[in-house]
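Visitor: Could you pick one part of this structure and give me a close look at it? I'd like to hear how it connects to what lies around it.

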Amino acid sequence: MYEAVHAHPDGQSTVARFAKTAADYGYEGVVVRNHGDARAAYDPEAIREEYGIDVVEGVEIRADDPQQASGSVGNYRTSETIVGIHGGTNGLNRFAVEQPKVDVLAHPMTDGGDINHVLAKAAVENGVRIEFNLSGVLRESGGHRVRVVQSLRKLQEIVDHYDAPYVVSADPTSHLELRVPRELKALGEQIGFAPEFIEDGLAEWGRLAERNRHVDSESFIEPGVERGRYEEES
């Protein structure tokens, strides 16, 4: 299982501090999902060697409109393993799920955003993971927390109905906000999510990273065709 984090300067903790805590908590990896205007400086290979945990280079694109987001996707797609869109408006949500080059639509239900059957079908068609962001459940209270839970349940109904791909994250900005997987599964049960649903959403970050690294490898040409594959089989 993997967690996707906002590290310094987008958060309070360094990538290394996140990695150490995540390794202690039993995670296999962390995805660094800093916004494009607050990139972190770190050596993923050195951190992997020191803490024995995968460090995935990523970005969460924050844009004012789809046109601006489109330019950023083009800029980051070749350099980042995981590319996400900071959603929450209907325009950016729609843009994200219609782009095969986008991996994750992050927190789509915030700021008045919504996911409907049209967007869910587009996410399926383009392989865009829709995020179940648990930060509002963990760190909000009162009426706002109730609304967050309601929006997550609505999102689950749509994702389940259309079998749309998804990820789960507590969206920590500090290593102190990291939660062990069993705590997130217990939290999920409290708000109506099966433990397997939460676990699969955490694991999907790692599967996504593995797929994208393979696609970016020198041996990959296109689906089903890889350089050197036929020479080895002959």
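Guide: Let's begin with one rung of a ladder: the bridge partner of Gly58 in S4 is Ile82. Strands like this are DSSP runs of E with at least two residues, helices are runs of H or I with at least four, and both are numbered from the N terminus. Before we go on, keep in mind that this is a predicted model, where local features need pLDDT of at least 70, side-chain atom pairs count only at pLDDT 80 or more, and totals for chains, interfaces and linings use all residues. Residues are numbered from 1 along each chain as its sequence is written, and side-chain values use heavy atoms, with hydrogens and water left out.

Back to our rung. Strand S4 covers residues 82-86, and four bridges tie it to S3, the two running parallel. S3 has a second partner: four bridges also join S3 to S2, again in parallel. On that side, Val31 has Val56 in S3 as its bridge partner. Strands count as paired if DSSP finds at least two bridges between them. In general, strands of a sheet pair through backbone hydrogen bonds, either parallel or antiparallel. Seven of the eight residues of S3 are buried, so S3 is largely enclosed by the rest of the structure. "Buried" here means under 20% relative accessible area, "exposed" is over 50%, and "partly exposed" is in between, using a 1.4 Å probe and protein chains only.

Now step back to the whole sheet. The sheet is open and has seven strands in the order S1-S2-S3-S4-S5-S6-S7, with parallel pairing. S1 and S7 (166-169) are the edge strands, each pairing on one side only. Neighbouring strands are turned by 30 degrees against each other on average, direction ignored. For angles like this, axes are lines fitted to C-alpha atoms (for helices, over the stretch in contact), and values run from 0 to 180 degrees between N-to-C directions. At the S1 end, S1 and S2 pair in the parallel sense over four bridges, and Tyr2 has Gly29 in S2 as its bridge partner.

What lies around the sheet? Helix H9 (residues 195-216) lies across S1, S2, S3, S4, S5 (104-106), S6 (129-133) and S7, running at about 115 degrees to S7. Then there is helix H1 (residues 15-24), whose buried residues are Val15, Phe18, Ala19, Thr21 and Ala22. Their cover includes strands S1 (2-5), S2 (29-32) and S3 (54-61), along with helix H2 (44-51). Contact, by the way, means heavy atoms within 4.5 Å. Just after H1, Gly26 takes a positive phi of about 95 degrees.

The loops have their own quirks. Pro9 sits in the loop between S1 and H1, and the peptide bond from His8 to Pro9 is cis, with omega near 10 degrees. In the loop between S5 and H5 you'll find His107. His107 isn't a glycine, yet it has a positive phi of about 25 degrees, and at 8% relative accessibility it counts as buried. Asp171 does something along those lines in the loop between S7 and helix H8 (181-190): it has a positive phi of about 55 degrees without being a glycine, and it is buried, with a relative accessible area of 11%.

Follow that S5–H5 loop into the helices. The axes of H4 (residues 90-97) and H5 (residues 117-126) come within 8 Å and cross at roughly 30 degrees. H4 and H5 are therefore roughly parallel, a label for angles under 35 degrees (over 145 is roughly antiparallel, 65 to 115 roughly perpendicular, the rest oblique). Where they meet, Asn93, Arg94 and Val97 in H4 touch Val118, Leu119, Ala122, Ala123 and Asn126 in H5.

One more helix, H7 (residues 142-162), holds Gln156. Gln156 is buried, with a relative accessible area of 13%, and beyond residues up to four places away in sequence it touches Phe132, Gly192, Phe193 and Phe197.

Finally, the overall picture. The protein chain comes to 10 helices and nine strands. Its radius of gyration is 17 Å, close to the 17 Å that the globule rule gives for 234 residues, so the chain is as compact as a globular protein of that length. (That radius is taken over C-alpha atoms, and the rule is 2.2 Å times the number of residues to the power 0.38.) Of the 234 residues, 52% count as buried.
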